[in-house]
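Reader: I should like to learn how features of a protein model are read, beginning with the whole chain and ending with single residues. Please give the general idea first where there is one, and then the case at hand.

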Amino acid sequence: MTIPVIDFSNLNGEERAKTMAEIANGCEEWGFFQLVNHGIPEELLERVKKVCSECYKQEREEKFKKSTLVKLLNIELVEKKSGNKLENEDWEDVFTLLDDNEWTSETPGFKETMTEYRAELKKLGVKVMEVMDENLGLPKGSIKKAFDGEEGSAFFGTKVSHYPPCPNPELVNGLRAHTDAGGVILLFQDDKVGGLQILKDGEWIDVQPLPNAIVINTGDQIEVLSNGRYKSVWHRVLATPDGNRRSIASFYNPSLKATISPAPQLVENLKKEVDQAYPKFVFGDYMSVYAEQKFLPKEPRFQAVRAT
């Protein structure tokens, strides 16, 4: 099995209906799909690869090599030869870019390139949500409006990660299995070094590297808004002995003050409240629960916010 690959440009042509159906299938059956011909210039994507790789090499690699995580792996597992897997650690170097936080990178072109990239990704995220609206039978802009909340300020963050070569990949996770808390995730992953996997039908499946594709996955809030029609799915990153995997994930999430619940159009014809599988809650409350339970099953998180 391979993750669906969808030509996003076909939305504007004779194959629109087929493409809409492919995206619906990606959301309903997979929770992950890859977009090609998505409209983001390849020249910009090449610059993103360059500045992120240079930033890691020049500003972060030595710090990672001296990190507590590396010492743990070397001392506890290699020198002591305990052979116990580091279950609660991730072999990942990561920093986050927001509109209002301080971008500390001194790498030439980093700030300009990533500002331009984030603007393009945000526009693509809106387009993807509008396709979801249409496929779900919702008015155009419904998901974005729900994410904006009353203040009109959806959250958009970008996580720049690297997964360096690991000398003992069997003893540590690249990134532990989890579902994403938020809305629509747009991932620009490494086009050579793999490691990302999703859980489908009880089997871990590789998300195959594809040059300049954008991987889309649906988070927990899309599952709620669709009343379970779209699912957020478990995924993980494997540590690998070779290659420094680059991963740039952008999250189009609700505002922390936004109230999230199944779209009224998707529950108004249900006969019993029990058919509405998800509660109404404030996204910030959900994030408080998620912070404690990220790597645990998602269903108790929904029950926890139901109770608050």
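Author: The following turns go from the overall fold to a domain, a helix and some individual residues. Please keep in mind that this is a predicted model.

Reader: How many helices and strands does the chain have?

Author: The secondary structure amounts to 9 helices and 14 strands. The radius of gyration is 20 Å, close to the 19 Å that the globule rule gives for 308 residues, so the chain is as compact as a globular protein of that length. The C-alpha trace spans about 60 × 45 × 40 Å along its principal axes.

Reader: What share of the residues is buried, and what share of the contacts is made by residues far apart in sequence?

Author: Of the 308 residues, 51% are buried. Among contacts with a separation of 6 or more, 80% are between residues 24 or more positions apart. The accessible surface comes to about 14800 Å², and carbon and sulfur atoms account for 50% of that area.

Reader: How far apart are the mean positions of the positive and negative charges?

Author: The chain has 39 positive and 49 negative charges, and their mean positions are 2 Å apart.

Reader: Which residues does UniProt list for a domain?

Author: An unreviewed UniProt entry lists residues 154-254 as "domain: Fe2OG dioxygenase". In the model, that range is 49% strand and 6% helix, and its end C-alpha atoms are 5 Å apart.

Reader: How should I read the pattern of buried residues in a helix, taking H8 as the case?

Author: An α-helix has 3.6 residues a turn, so residues three or four places apart point the same way. In helix H8, residues 283-293, the buried residues are Phe 283, Gly 284, Tyr 286, Val 289 and Tyr 290. Their cover includes strands S6 (172-178), S12 (245-253), S13 (259-260) and S14 (281-282), together with helices H6 (220-225) and H9 (299-307).

Reader: What is the phi of Asp 201, and what is that of Asn 227?

Author: The general expectation is that most residues other than glycine have a negative phi. Asp 201 has a positive phi, near 50°, and Asn 227 also has a positive one, near 55°. Asp 201 sits in the loop between strands S8 (196-200) and S9 (203-206), whereas Asn 227 belongs to the loop between H6 and strand S11 (235-238).

Reader: Is each of these two residues buried or exposed?

Author: Asp 201 counts as exposed because its relative accessibility is 66%, above the cut-off of 50%. Asn 227 is buried, since its relative accessible area is 14%, under the cut-off of 20%.

Reader: Where is Asn 37, and with which residues is it in contact beyond its sequence neighbours?

Author: Asn 37 is in the loop between strand S2 (32-36) and helix H2 (42-65). Apart from neighbours within four places in sequence, Asn 37 contacts Asp 7, Phe 8 and Ser 9. Asn 37 and Asp 7 are 30 residues apart along the chain, and their C-alpha atoms are separated by 5.7 Å.

Reader: How does separation in sequence relate to separation in space for Ala 21 and Asn 135, and for Glu 268 and Asp 191?

Author: Ala 21 lies in helix H1 (residues 16-30) and is partly exposed at 45% relative accessibility. Ala 21 and Asn 135 are 114 residues apart in sequence but 7.9 Å apart in space, C-alpha to C-alpha. Glu 268 is in the loop between helix H7 (264-267) and S14, and counts as exposed at 56% relative accessibility. The C-alpha atoms of Glu 268 and Asp 191 are separated by 44 Å, with their positions 77 residues apart along the chain.

Terms used
Residues numbered from 1 in each chain as written. Predicted model: local features only at pLDDT ≥ 70, side-chain atom pairs only at ≥ 80, totals over all residues. Heavy atoms only, no water. Helix = DSSP H or I, 4+ residues; strand = E, 2+ residues; numbered from the N terminus. Rg over C-alpha atoms; globule rule 2.2 N^0.38 Å. Buried < 20%, exposed > 50% of the residue type's maximum accessible area, 1.4 Å probe, protein only. Contact = heavy atoms within 4.5 Å. Areas by Shrake-Rupley, 256 points an atom, 1.4 Å probe, with all protein chains shown as cover. Lys, Arg positive; Asp, Glu negative; His and termini not counted. Charge placed at Lys NZ, Arg CZ, Asp CG, Glu CD. UniProt positions renumbered as here; feature names shortened; annotations may be inferred.
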